[in-house]
Amino acid sequence: MDKSPSLQQKIEQFASEELTRYYTGEKGIKLEHHTVGEMADSFEIIEHPQHYVIRGNSSRALLYGVYRFLEKVEGLVFFDLQQPKKISPAGISQHYIGLPKFARRGNVFETIDDVPFLKSMLDVGTKNGLNEVFFTFFLWDEVKDALLEDIEKRGINVTLGGHSLRYLIAKANRLNVSGKMAADGAVNDLIGEETEFTAAHAINNHDFLQDDKAQQQVIQVIVAYCQQQPVIRRISLWPEDVGAKGEEAVQFLTRYISFTEKLQQALESEQLDIKVEHIVYNAGLSWEMLERNDQQVGTTDILYAYWGRDYTKSYENERDLRAWKSLIDWRQATQKDITVFEYYSDHFMLSELFPLLFKRIAVDVEHYKQAGCDGLVNLVVPLHKVSKAQPHMGNYDYQQYQQLNNIIFARSLWEELKTIPYLLSLPMQQLAEQIEQQLAQNSRYNAEFFPSRVVEANNPVAKKEVIDMLTAIERLLNEAKAEAPLIHYVEALKQVVAVTKKRWEAL
């Protein structure tokens, strides 16, 4: 007889351990299962004269309740990747209810095989209410053994997929490929450099989506992954990151959605309770891959990923309105779940001119909620290796800088949860707003310069406007009197701005 603890027992044991680790009070604490709200992760905290009760809809909800209890009673918040921050405890006021705004809340990792960093992100993400981690198949193969215990005891759902298609085809053909080889190939794809892996495993979306045998082989490989690990709750396998054009675009979505439906049916036939979704995105800036037009919706869920936004504005501005209309059209056309894929911690897209996006995130979350979206995930991409190799980037701590946006993202997905006043003093809040107003302009060039970025200074037509932007940012940063946690971020940005400005002036 299997006497190993269930996942629910592991989660509740971990919740008790976290209380022992951080709680210093004398009142007792009871953990109870109880229906709270409509979402599985809702919880409530009740204060009685002699004890507290933390009640939740699930074991994971109880864990979230423990962290909110520690925030309210002990004055502990977990914003930093390394250590908690002490704030003035607000207390429970007899009754507190924690309600998530979205059922699905997660981080996406495609190539980061830094296990200590991933462990920290899992820990801090859970402490602030995230419930999912998304890996490419090849990254999962590299890190799963190191992360599985951390994932299980927190009750985190795992999604596998991303741009893993050629890796899965290679495995289906029993070729000797490693996750590390595939990850290196994915990184080099961003700068157009071929690796041994990408050269040996080039594929075409159009060909794969017409090859039923190849699809069935990949499906068998995916089913085997899902049978091995019960933490896998969703498959989100994307086509290769090449825009569909011309005749290929006409049938792309139909064939791609059909493939995801075959995958869903295969998982169900094996009695695996795992969802499948198809991505809707503008790979290579292809509107045909983002817009539904006359496409019939399928029976799988949808991940909506619009690349190239101007983060100084909401979607409804003229530049990005077409993408917003596409999202609303998909939402109105289906009853299936729709999750929005955002890039708030993407150091490739946003570059080392990495903007704070605190106000944009808060506004976006409300817009996505009002639009009826079911989930929100944030892409976490490391500093690009080309940037990392440059002398002025020696002290650039990308992990801490992108975590500034990520912590705002995670906590924005819960009702009435304060973050910025705990994270920043009033002067630093004002500085953060100014940095966002100036530096978020960097994002508006993503589509215009694609595949180049502002830091690469390859577009002489835009020379004056980019130099004007950099000059304004430079002036702001030089005049700033930064305090923690923005001190090192501001100093690093000064160097990036100075080098980037010189590149543009030399054009």
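**Figure 1. Leu130 counts as buried, because its relative accessibility is 3%, under the 20% limit.** Welcome to this predicted model, which we enter at a single leucine. Leu130 sits in the loop that joins α3 to β8. Apart from neighbours within four places in sequence, Leu130 is in contact with Tyr64, Arg105, Gly106, Asn107, Gly125, Ile156, Phe409, Ala410 and Leu413. Take Tyr64 from that list: the two C-alpha atoms of Leu130 and Tyr64 are 9.2 Å apart, while 66 residues separate the pair in sequence.

**Figure 2. Leu130 also helps to line the largest cavity of the structure.** Searching the whole structure turns up five cavities of 30 Å³ or more, and the largest has a volume of about 70 Å³. Joining Leu130 in its lining are Asn107, Phe109, Met121, Leu122, Gly125, Thr126, Asn131, Glu132, Val133 and Ile156. Two or more lining residues come from each of β7, α3 and β8. The biggest share belongs to α3, with four residues. Readers who have just met Asn107, Gly125 and Ile156 as contacts of Leu130 will find these residues again in the cavity lining.

**Figure 3. Helix α3 lies across three strands, β7, β8 and β14.** The helix covers residues 115-127, and its direction is at about 170 degrees to that of β7 (104-109). The third strand, β14, spans residues 375-381.

**Figure 4. Eight strands close into a barrel with parallel pairing.** Follow the strands round in the order β7-β8-β9-β10-β11-β12-β13-β14. On average, neighbouring strands in this sheet are turned by 30 degrees against each other, with direction ignored. For a closer look at one pair, take β8 (residues 132-136) and β9 (residues 157-162), which are joined in the parallel sense over five bridges. Here Phe134 stands opposite Thr159 of β9.

**Figure 5. The largest nonpolar core holds 171 residues.** Nonpolar side chains tend to be buried together in soluble globular proteins. In this core, the residues that touch the most other members are Phe135, Trp140, Ile151, Ile235, Tyr368 and Tyr489. Helix α10 (residues 246-269) is the element that gives the most, with nine residues. Ile235 makes a good place to zoom in. Setting aside residues up to four places away in sequence, Ile235 touches Phe137, Leu160, Ile222, Cys226, Leu263, Leu267, Ile274, Lys275, Val276 and Glu277.

Technical notes: Residues are numbered from 1 along each chain as its sequence is written. This is a predicted model: local features need pLDDT of at least 70, side-chain atom pairs count only at pLDDT 80 or more; totals for chains, interfaces and linings use all residues. Side-chain values use heavy atoms; hydrogens and water are left out. Two strands pair if DSSP finds at least two bridges between them. Axes are lines fitted to C-alpha atoms, for helices over the stretch in contact, and angles run from 0 to 180 degrees between N-to-C directions. Contact means heavy atoms within 4.5 Å. A nonpolar core is a set of buried Ala, Val, Leu, Ile, Met, Phe, Trp, Tyr and Cys residues joined through side-chain atoms within 4.5 Å. Buried means under 20% relative accessible area, exposed over 50%, partly exposed in between (1.4 Å probe, protein chains only). On a 1 Å grid over the protein atoms alone, a cavity is a set of points where a 1.4 Å probe fits but cannot get out, and a pocket is an open set with protein on both sides within 12 Å along at least five of seven lines; lining residues have an atom within 4 Å of a point. Grid points are joined across faces, edges and corners, and a volume is the space filled by probe spheres set on the points.
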